[in-house]
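This briefing goes through strands, crossovers and selected residues of one protein chain. Please keep the sequence and the 3D view open while reading.

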Amino acid sequence: MGCKVTALRQGAGDGQAGVGQDGLRVFEEGQAFDFLRQDLDLVLLAVPALELEEVLAGLPLDLLRGRLVADTCRAKSFAKDLVLKMLPIEADLLCSHPMFG
């Protein structure tokens, strides 16, 4: 049983949205709506803490209902409070640390 990985690239991408040979499906920054309409079990937010609010504000957050959302920011209390404030109540949150899990 394999794992499907779908990524939403923020910032400077190579403009090569699509499916790579390795099966990785990539959506570019302006395709957040299409990205979140995919059958995703987990949405992993891997952005710097200072950009987290801007990234969340750019997502159609209503599409996160019923999804597990995880973040990898080092500043746990800041990230947790911000994400909980912005996420729909029906979304689950898993806070992790990039070095310690």
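The points below cover strand pairing, the faces of one strand, a surface patch and two single residues. The model is predicted. Strand E5 pairs with E4 and also with E6, and a right-handed crossover is found for E4 to E5 as well as for E5 to E6.

**Strand pairing and crossovers**
- Strand E4 (residues 42-45) runs parallel to strand E5 (residues 68-71), with four bridges between them.
- Within this pairing, Val 43 has Val 69 of E5 as its bridge partner.
- Helix H2 (residues 52-57) joins with E4 and E5 in a β-α-β unit that is right-handed.
- On E5 there is also a parallel pairing with strand E6 (residues 92-95), again over four bridges.
- Leu 68 has its bridge partner in E6, namely Asp 92.
- From E5 the chain passes through helix H3 (residues 76-86) to reach E6, in a right-handed β-α-β crossover.

**The two faces of E4**
- Val 43 and Leu 45 make up the covered face of E4, while Leu 42 and Leu 44 make up the uncovered one.
- In a regular strand, side chains alternate between the two faces of the sheet.
- Leu 44, a residue of E4, has a relative accessibility of 49% and therefore counts as partly exposed, since exposed requires over 50%.

**Surface patch**
- Leu 42, Leu 44, Leu 68 and Leu 94 form a nonpolar patch on the surface.
- Together these four leucines have about 340 Å² of accessible area.
- Leu 42 and Leu 44 of the patch are the residues on the uncovered face of E4.

**Asp 71**
- Asp 71 is located in strand E5.
- With a relative accessible area of 0%, Asp 71 is buried, because the cut-off for buried is under 20%.
- Leaving out residues up to four places away in sequence, Asp 71 touches Leu 45, Lys 76, Ala 79, Leu 93, Leu 94, Cys 95 and Ser 96.
- One of these contacts, Leu 45, is on the covered face of E4, and another, Leu 94, belongs to the nonpolar patch.

**Glu 29**
- The loop between strand E3 (25-27) and helix H1 (32-36) holds Glu 29.
- Glu 29 has a relative accessible area of 42% and is partly exposed.
- Although 30 residues separate Glu 29 from Leu 59 in sequence, their C-alpha atoms are 9.7 Å apart in space.

How values were computed:
Residues numbered from 1 in each chain as written. Predicted model: local features only at pLDDT ≥ 70, side-chain atom pairs only at ≥ 80, totals over all residues. Heavy atoms only, no water. Patch = residues over 30% accessible without salt bridge, like charges linked within 9 Å, V, L, I, M, F, W, Y side chains within 5 Å. Areas by Shrake-Rupley, 256 points an atom, 1.4 Å probe, with all protein chains shown as cover. Salt bridge = Lys/Arg side-chain N within 4 Å of Asp/Glu carboxyl O. Buried < 20%, exposed > 50% of the residue type's maximum accessible area, 1.4 Å probe, protein only. Pairing = 2+ DSSP bridges. Right-handed = clockwise from strand over helix to strand, strands pointing away. Contact = heavy atoms within 4.5 Å.
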